Amino acid sequence: MPDEHRRAEHPAAGRRGAKPAGGPTPPTPHLSWGSSLHAALEWFWDRKLPEPPSADELAAALYDRWDDTGFADMSRQDKIGWYRHAQDVLRRHQAQHAPSYRPAAAVEQWFDVDLGDRVRVRGFIDGVMPTGDGGFGIVDWKTNRRAKTREQVETSLQLALYALAARDLWGRDPDWVALEFVVPGIRVEVPIERIDVDAAVAEVHRVAAAIRAGRFSPTPNRLCGWCDFRDICPAFEGDDGATDVPGTALVELQRLRRRQERDAQRIAELEQIVRDRLGEQALVEIG
Ligand code: SF4
């Protein structure tokens, strides 16, 4: 959930009828690459074992999860280049984190927080990391090349809303929140005391109120092509093909399907536990 997406309810919601023209197109190489890396990272941190997966296991996870769709028109040599780069990034990630590895308490954690006044915030938290002393931190993996500064991380609306989501989900604040730039291998971690959750909530309400009052000044940005309101937005300068809307949709769809598979697996495990301890009837009773 990038900070550019300061979405709230929009007066035009539901009025938009037009869909992006054309049929589905494959994602860009960057989208496929980021999606593949993300899937491997989720696998790495979502282990239920205390030992870290080895570099070879992580490489195999990348192989199994590699999304080739964005590389369709690319030469074999170029494809290999992208794949090798992903392997290198993950090898460094494994080496960096293996010595202090603790499996995540949750990955791809869905949240849906009601902020009141008909404003909701929904999204996924990439990783919820146990600290070892009963606390937890929140990490968001970024696959862009350049890391942000500590000041930028501290003022990230995204992380502040994640902290709020944690409070809503588990009744307590995380100890820290972090953006982890996996390409340069930099995790920018800031203690929760540096995060102004109240200001983030106020900002969301401010934006929502402004939109409802018709004071919605559009600010074109790189995510315009992904915006639900671009068909009626006076500032939208047209989709010149630079924004990969269907590709982004495909990546999100893949992400949701991965989550669905993980949930189904966990449901089966829990059902087995209940069946073993309480018998088949207990499952029937809970429906
Ligand atoms: S299309 Fe308009 S409303 Fe949507 S993000 Fe771009 S500037 Fe904002």
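**Notebook: the sheet, its helices and the ligand shell**

I began with strands β2 (residues 119-130) and β3 (residues 136-142), which run antiparallel and are joined by four bridges. Two strands count as paired when DSSP finds at least two bridges between them, and helices (H or I, at least four residues) and strands (E, at least two) are DSSP runs numbered from the N terminus. I noted that the model is predicted, with local features needing pLDDT of at least 70 and side-chain atom pairs counting only at pLDDT 80 or more, while totals for chains, interfaces and linings use all residues. Residues are numbered from 1 along each chain as its sequence is written.

**Entry: pairs along the strands**

Looking up single pairs between β2 and β3, I found that Gly 127 has Val 139 of β3 as its bridge partner, and that Val 128 stands opposite Ile 138 in β3. Five residues lie between the two strands of this hairpin, and Gly 132 takes a positive phi near 100 degrees there.

I then turned to β1 and β2, which also run antiparallel and are joined by nine bridges, with Phe 111 standing opposite Gly 123 in β2. These two strands form a hairpin with two residues between them, and Asp 117 in the turn has a positive phi of about 55 degrees.

**Entry: the sheet as a whole**

In what order do the five strands stand in the sheet? I read the order as β1-β2-β3-β4-β5, in an open sheet whose pairing is mixed. β1 (106-116) and β5 (186-191) are at the edges, and each has a single partner strand, so one side of each is left without a neighbour in the sheet. From one strand to the next the twist averages 35 degrees, where axes are lines fitted to C-alpha atoms (for helices over the stretch in contact) and angles run from 0 to 180 degrees between N-to-C directions.

**Entry: helices on the sheet**

Helix α1 (residues 29-45) lies across β1, β2 and β3, and I noted that it runs at about 100 degrees to β1. Helix α5 (residues 157-170) also packs on the sheet, where it touches β1, β2, β3 and β4 (176-181), and its direction makes about 90 degrees with that of β1. Contact here means C-beta atoms, placed from the backbone, within 7 Å.

Is α1 mostly covered or mostly open? I found α1 mostly covered, with 14 of its 17 residues buried; a residue is buried with 20 or more other C-beta atoms within 10 Å of its own, exposed with 12 or fewer, and partly exposed in between.

**Entry: Arg 92**

I placed Arg 92 in helix α3 (residues 76-97). Arg 92 is partly exposed, because it has 15 other C-beta atoms within 10 Å. Arg 92 and Pro 184 are 92 residues apart in sequence, yet their C-alpha atoms are 9.2 Å apart in space.

**Entry: the ligand**

Which residues surround the ligand? I listed Pro 218, Thr 219, Pro 220, Asn 221, Cys 224, Cys 227, Phe 229, Arg 230, Cys 233, Ala 235 and Phe 236, each with its C-beta atom within 6 Å of the ligand.

**Entry: the whole protein**

I counted eight helices and five strands, which follow the pattern α-α-α-β-β-β-α-α-β-β-α-α-α along the sequence. Of the 287 residues, 27% are buried, and residues 24 or more positions apart account for 69% of the contacts with a separation of 6 or more.

Conventions. Contact = placed C-beta atoms within 7 Å.
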